[in-house]
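Me: Could you take a close look at one part of this model for me, the enclosed empty spaces and what lines them? I'd like a connected walk-through rather than a list.

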Amino acid sequence: FIQMLRSAKERDVLQLLRRAPEEMLPFVVEAAVAAQSVASLAALSDFLDFGKEPKSLLEKFLYAAAFSPQPSGELLHLVLDKLDGKRLAPEVWETGIVAVGSLVGKLCQQKLCGLQEVERGVETILGGLRGAKEESEVVIYLLALGNAVLPETIPILLDHAEEGPTTISTAAVSALRRFPARHISGKVKRAMRRIFHEKRKSYEKTCRLAAAEILLDNEPSPMDVINILLAANELETETATFLLLKVQNSLRADHHPARKIMKDIMRDPRINNYNFFSKAGISSSFSGPLTVTQDLLSTFGLDLLFLEGGYLRKSVSDFSLLSHGQQLHAAQVTIEAQGVESMLEENTLEEEPELKAGMSAIFFDVQLRPVVFFQGYTDLMAKVLLSSGEPTSVVKGNLLLMDHHQVIPLQSGLQVIVKLQGGLGLDISADMDVSIWEQELKTGINARGSLTIDFQVELDAPFLQATTRSQTEVETSIHFDTLLRFSGSPVLLCLQLREEQVPYR
């Protein structure tokens with residue numbers, strides 16, 4: 001369909017968009033974005049009215065742009081024009097800003113940072129960040145900077161990480177975690193030390209743990225590792241348990257940058273002893289390989305951070321791919337719940353946060369718009385009483401992941417044309433259910449995907465024509481459920497990861 005659109009005229013693409021049945025329209029929009037021809041982008045510009053179209057279709061368009069493997073300046077120009085100066089639904093605006101961040105980052109990877117559209121995109125994010133009044137707006141702009149991964153924005157992220165209130169500080173540290181090790185300079189590490197060791201002010205535990213992970217995951221110094229381990233002795237049981245398990249994980253993982261340093265430090269019996277590593281919390285951190293080949297390592301990681309009262313504060317499930325020193329977050333889903341303990345009148349030492357639960361996700365290194373399940377007690381009660389039982393959709397659609405075209409001249413004087421395209425159909429939904437009467441908390445993440453790769457080699461000469469073609473299709477479905485029952489002590493937790501059979505053609 002994409003190949004057909006690339007050779008179509010603008011009026012034909014526009015006619016397709018206008019005449020497509022309602023259920024097919026999202027597919028046609030996604031294909032037109034993936035085609036990225038002058039005609040298809042012009043047709044999209046004419047067709048999409050951000051004041052009238054349903055939110056779901058506009059989000060489909062923006063996510064298709066954000067996931068584009070090799071976006072053009074024209075695509076970014078189209079997105080910026082559609083967002084500019086219009087009153088948009090909050091979901092569309094948020095999706096648009098994170099999409100701009102992703103497009104800016106990918107264009108800079110293609111050495112196109114000097115484009116006028118890129119400069120306009122960067123200014124849209126930075127100008128919006130300077131003028132943002134609401135915390136939720138600031139968070140979206142920081143997540144967009146995390147998608148863009150521009151080294152020149154690191155000082156801005158550091159400033160928000162150290163000085164901002166809890167949600168902003170956590171978002172800024174999360175954005176900094178997206179940067180490769182070469183950009184985590186001494187200045188960044190000093191700031192992360194100040195946050196973790198609370199040198200200037202106190203920080204929320206998830207923010208402190210994220211700062212510790214930046215220090216541990218980016219060529220750490222032995223002193224940093226020792227100080228983090230020693231500080232674990234002063235932390236609350238759950239936070240200390242989580243941190244020590246993180247350290248033990250890095251010892252087991254052959255690819256971890258801190259593994260050698262950790263092994264050296266563990267030779268010291270003052271640190272490596274039962275008293276130190278026998279924290280009795282229920283928090284956990286696990287990471288292990290799913291596939292190991294000569295060129296590729298795919299891993300599954302699961303982090304569960306609990307509060308002292310036994311409530312799940314944060315769960316992170318992560319599927320990553322590592323190849324030749326490069327890491328790709330294929331899928332990372334984070335579910336957070338805060339303020340649950342105050343609802344159940346547990347005594348808490350720290351300042352009571354507002355009751356809130358939500359989710360954020362990263363797919364193929366693109367941070368998506370965060371989803372809020374409920375915010376405040378009234379909202380929770382409304383959701384409990386009016387719940388449809390339907391999970392919240394996080395992302396659903398078809399994405400072009402690979403798009404490669406190359407002409408290879410042979411020594412014989414003939415030419416070979418290589419074409420490679422890869423498409424992904426994705427449907428991710430999440431659900432969170434809090435039962436006050438049963439004193440249960442259920443979360444569920446459902447991820448369904450199908451990948452199609454089309455590979456074609458053509459040899460075209462006056463006396464000979466030959467074509468080799470291969471098509472590969474994979475379908476997979478993963479369900480991850482947690483059930484937490486806090487009616488008694490100890491708290492009961494059930495985890496289930498189900499993977500359906502994978503057909504491979």
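**Cavities and their linings**

Reply: Start with the second largest cavity, which holds about 40 Å³ of space. Keep in mind that this is a predicted model. Around that space you'll find E30, K60, Y63, A64, V395, K396, G397, N398 and L399. Two elements, α5 (55-66) and β8, each put at least two residues into this lining. The largest share is from β8, with five residues. By character, the lining of the second largest cavity splits into four nonpolar, two polar and three charged residues.

Now for the other one. The count of cavities of 30 Å³ or more comes to two, and the largest has about 50 Å³ of space in it. Its walls are made by E30, V33, A34, A64, F67, S68, N398, L399 and L400. Here the elements giving two or more residues are α3 (25-35) and β8 (392-409). As for chemistry, the lining of the largest cavity has six nonpolar residues, two polar and one charged.

Put the two linings together and some names come back. E30, A64, N398 and L399 line the largest cavity, and E30, A64, N398 and L399 also turn up around the second largest. β8 is on both lists of contributing elements, with α3 beside it for the largest cavity and α5 beside it for the second largest.

For some context, the UniProt record, an unreviewed entry, places a feature called "domain: Vitellogenin" at residues 1-231. That span is 71% helix and 0% strand, and its end C-alpha atoms sit 57 Å apart.

One helix pair is worth a look while you're there: α6 (residues 73-83) packs on α8 (residues 116-131) at an angle of about 40°, with the axes 9 Å apart. Their crossing is left-handed. On the α6 side the contact uses G73, L76, H77, L80 and D81, and these meet E117, V118, R120, G121 and T124 of α8. The residues of this contact come out as three nonpolar, four polar and three charged.

Key. Residues numbered from 1 in each chain as written. Predicted model: local features only at pLDDT ≥ 70, side-chain atom pairs only at ≥ 80, totals over all residues. Heavy atoms only, no water. Axes fitted to C-alpha atoms, helices over the stretch in contact; angles between N-to-C directions. Helix = DSSP H or I, 4+ residues; strand = E, 2+ residues; numbered from the N terminus. Left-handed = near helix turned anticlockwise from the far one by under 90°. Contact = heavy atoms within 4.5 Å. Nonpolar A, V, L, I, M, F, W, Y, C, P; charged D, E, K, R; others polar. UniProt positions renumbered as here; feature names shortened; annotations may be inferred. 1 Å grid on protein atoms, 1.4 Å probe; cavity = no way out; pocket = protein on both sides within 12 Å on 5 of 7 lines; lining within 4 Å. Points joined across faces, edges and corners; volume = space filled by probe spheres on them.
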